[in-house]
2 protein chains.
Amino acid sequence: MGARKGPMEGRETGTLGKLMALLDLVTHADGPMRFTDILAVAGQPRGTLHRQLVHLSEEGLLEVDDDGRYLPGLRLLDLASRSWARNEFRLVAEPHLTALQKLTGETVHLGVLRGTSIIYLDKVEGQQSVRMYSQIGNASPIYCTGVGKAALSILPQARLEALLAELEFQRFTPSTHTAETLVAEMDDIRHEGCAFDREEHEVGIRCVAAPIWSDNLSFIGGVSVTGPAYRLTMERLEEWSTPVRQSAQDIMRDMRIGLGPRR
Amino acid sequence: MGARKGPMEGRETGTLGKLMALLDLVTHADGPMRFTDILAVAGQPRGTLHRQLVHLSEEGLLEVDDDGRYLPGLRLLDLASRSWARNEFRLVAEPHLTALQKLTGETVHLGVLRGTSIIYLDKVEGQQSVRMYSQIGNASPIYCTGVGKAALSILPQARLEALLAELEFQRFTPSTHTAETLVAEMDDIRHEGCAFDREEHEVGIRCVAAPIWSDNLSFIGGVSVTGPAYRLTMERLEEWSTPVRQSAQDIMRDMRIGLGPRR
DNA sequence: TCATGTATTCCATTATTTGGAACTTAATTT
DNA sequence: AAATTAAGTTCCAAATAATGGAATACATGA
């Protein structure tokens, strides 16, 4: 296949890139990893890997438990809490998310397109079930979430195709899209101004989402209302598409004010 | 003062250390920074700084807005959400935090000692005021928070002194401790098994906290109940010191089970 | 004790980072 | 519009840090 050396050939971040790849590896694992476990999958020589792990640990990006196993470090929490607290999109959207939650009584999400994933930036639940923070920061597939499909719908054709080419479609439920059915639905979404998730990511969960974007498309996201299928019938979902679209509009309006005249 | 080259001389993390220092600088700033702003404070030559910023941005640790200003990147959120979701201390403690919140009706915090700060790992509020995630991940001073003082109280003398030597005492309220008054209170805390925050960090906020530690002191943290002074009279706080201490005990018991027999 | 799996250190070689200066681009003034 | 100043980017020889194979230390259990 192709003569290129590998995927992501453009990325040249030197030492940092290698260290971040390793950090990702350990962070995305199911549990703590011993040195040998990492050695088996990291494809680095012993000496190199050892020094890299020591450096990451000394910086607090990884931690070593009493058994010498490596796991994600708490320094990441501190860094992320600042990233989150200062995110302008989230700050502007917050009151609208709360209002939408009160109106519908269901869970409201705010997400943003990053690469080929949706990253959730905020979540407002009704009967606060104590599970705060969860979900926030999670990277979810773009092709089977409401926010993801809404985001796709406003991409210009070229960028859409480029993105689709990078996707791998995994089947989560019987309704999960394939490349073909996803493309087929795009026109509907563009026409309606909102996207429905009909149990495409998780059985028993439905959602309606509307896109949010900046004038120059330098960023694209969305807002959604999510809930169990027994409460969120398709009729109810249609009904709520109006307030969801309205929320998206309101957030966009406030962002323009917030940013002021460009320069 | 002393002949050492600088603080943290032991840390030798090469390229990573320099990049993380830069990441911290931008992340801890009040707002987005332009290249020149960073240049003025980073103490790095133009060429070097530029490449570092490009590398951090390509990895998603920083982002560049439409005006070319740098701010914390969302990659941090993804990394942190995994660090948080998998944190064993937090997972074990969670049901106990919820129980304690229900019993007292006030806000419950879980924190862990990291260096000279307390990092908050979880928070359970009553009338969930929608402000989820906030506070979690925040690094707070050790000498004027309940959890911080509780953690200090179980440190062995040598480690306590080493830590105190590194602290700079900032006066947040009229009741904030100085080095002397803090040391003086230690015996009380050790005797009582819990620490009170008598509006030492924020006027109008009181709290009672109990320490949590592992057998070998490889980790130290605490649990606390926090609330407004008008509700949390000192009598009420004394009353709740019992369930708080009990929660700490329960969490420690469950952690030992969770970790299993050491090896 | 010895055997075995695991983690750490060493150091000559190799690759990356460094930083001053030259260059490009954008914004501001005359 | 041209000139001036400021802001950001690129270049490349020298300095520095990362690499990786092999030797060494450490832990565990027969």
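Two strands are said to pair if DSSP finds at least two bridges between them. With that in mind, and remembering that what stands above is a predicted model, we can begin in chain A, where strand β6 (residues 195-198) and strand β7 (residues 205-213) run antiparallel and are joined by 4 bridges. One position in this pairing can be picked out by eye, since A:F196 stands opposite A:V208 in β7(A). The two strands form a hairpin with 6 residues between them, and the loop between β6 and β7 of chain A is also where A:E199 lies. This residue deserves a careful look, for A:E199 has a positive phi of about 55° although it is not a glycine.

From the hairpin we can move on along the chain to the next pairing. Strand β7(A) also pairs with strand β8 (residues 220-228) of chain A, again in the antiparallel sense, and here the pairing extends over 9 bridges. Within it, A:C207 has A:T226 in β8(A) as its bridge partner. As a general matter, the strands of a sheet pair through backbone hydrogen bonds, either parallel or antiparallel.

These pairings belong to a wider arrangement, an open sheet of 6 strands in chain A whose order is β5-β4-β3-β8-β7-β6, with antiparallel pairing. Why do β5 (139-141) and β6 of chain A each have one side without a neighbour in the sheet? Both stand at the edges and have a single partner strand each, so one side of each is left without a neighbour. The sheet is also twisted, and from one strand to the next this twist averages 35°.

Helices can be followed in the same way, and one side-chain contact in chain A makes a helpful example. A:R190 forms a salt bridge with A:D187, with the closest N and O atoms 3.7 Å apart. Both A:R190 and A:D187 lie in helix α8 (residues 179-192) of chain A, where they are 3 residues apart, or about one turn of the helix. Over all chains, the structure holds 34 salt bridges.

Turning to chain B, the reader will find an open sheet of 6 strands in the order β5-β4-β3-β8-β7-β6, with antiparallel pairing. In this sheet β5 (139-141) and β6 (195-198) of chain B stand at the edges, and because each has a single partner strand, one side of each is left without a neighbour in the sheet. Neighbouring strands of this sheet are turned by 35° against each other on average, direction ignored.

Several details fill in this picture of chain B. Strand β3 (residues 107-114) and strand β4 (residues 117-124) of chain B pair in the antiparallel sense over 7 bridges, and in this pairing B:H109 stands opposite B:K123 in β4(B). Further along, 4 bridges join β6(B) to β7(B), which run antiparallel, and B:R198 stands opposite B:R206 in β7(B). These two strands form a hairpin with 6 residues between them, and B:E199 in the turn has a positive phi of about 55°. In the loop between β7 (205-213) and β8 (220-228) of chain B lies B:L217, whose phi is near 55°, a positive value in a residue other than glycine.

It remains to ask how the two chains meet. How many residues does the contact take from each chain? There are 68 residues from chain A and 67 residues from chain B. Between them the chains bury about 6,100 Å², with 59% of this area on carbon and sulfur atoms.

The contact also involves charged and polar partners, for 4 salt bridges are counted between chain A and chain B. One salt bridge that the reader can locate brings together the side chains of B:R75 and A:D24, at 2.9 Å from N to O. Across the interface there are, in addition, 24 residue pairs in polar contact, counting pairs with both residues at pLDDT 80 or more. On the side of chain A that touches chain B, the elements that each supply at least two residues include α1 (14-27), α3 (46-58), α5 (88-104) and the strands β3 (107-114) and β4 (117-124). Sorted by class, this side of chain A has 27 nonpolar, 19 polar and 22 charged residues.

Methods: Residues numbered from 1 in each chain as written. Chains lettered and ligands numbered in written order. Predicted model: local features only at pLDDT ≥ 70, side-chain atom pairs only at ≥ 80, totals over all residues. Heavy atoms only, no water. Axes fitted to C-alpha atoms, helices over the stretch in contact; angles between N-to-C directions. Contact = heavy atoms within 4.5 Å. Buried area = accessible area lost by both parts, 1.4 Å probe. Polar contact = N/O pair within 3.5 Å; in protein donor to acceptor, adjacent residues only side chain to side chain. Nonpolar A, V, L, I, M, F, W, Y, C, P; charged D, E, K, R; others polar.
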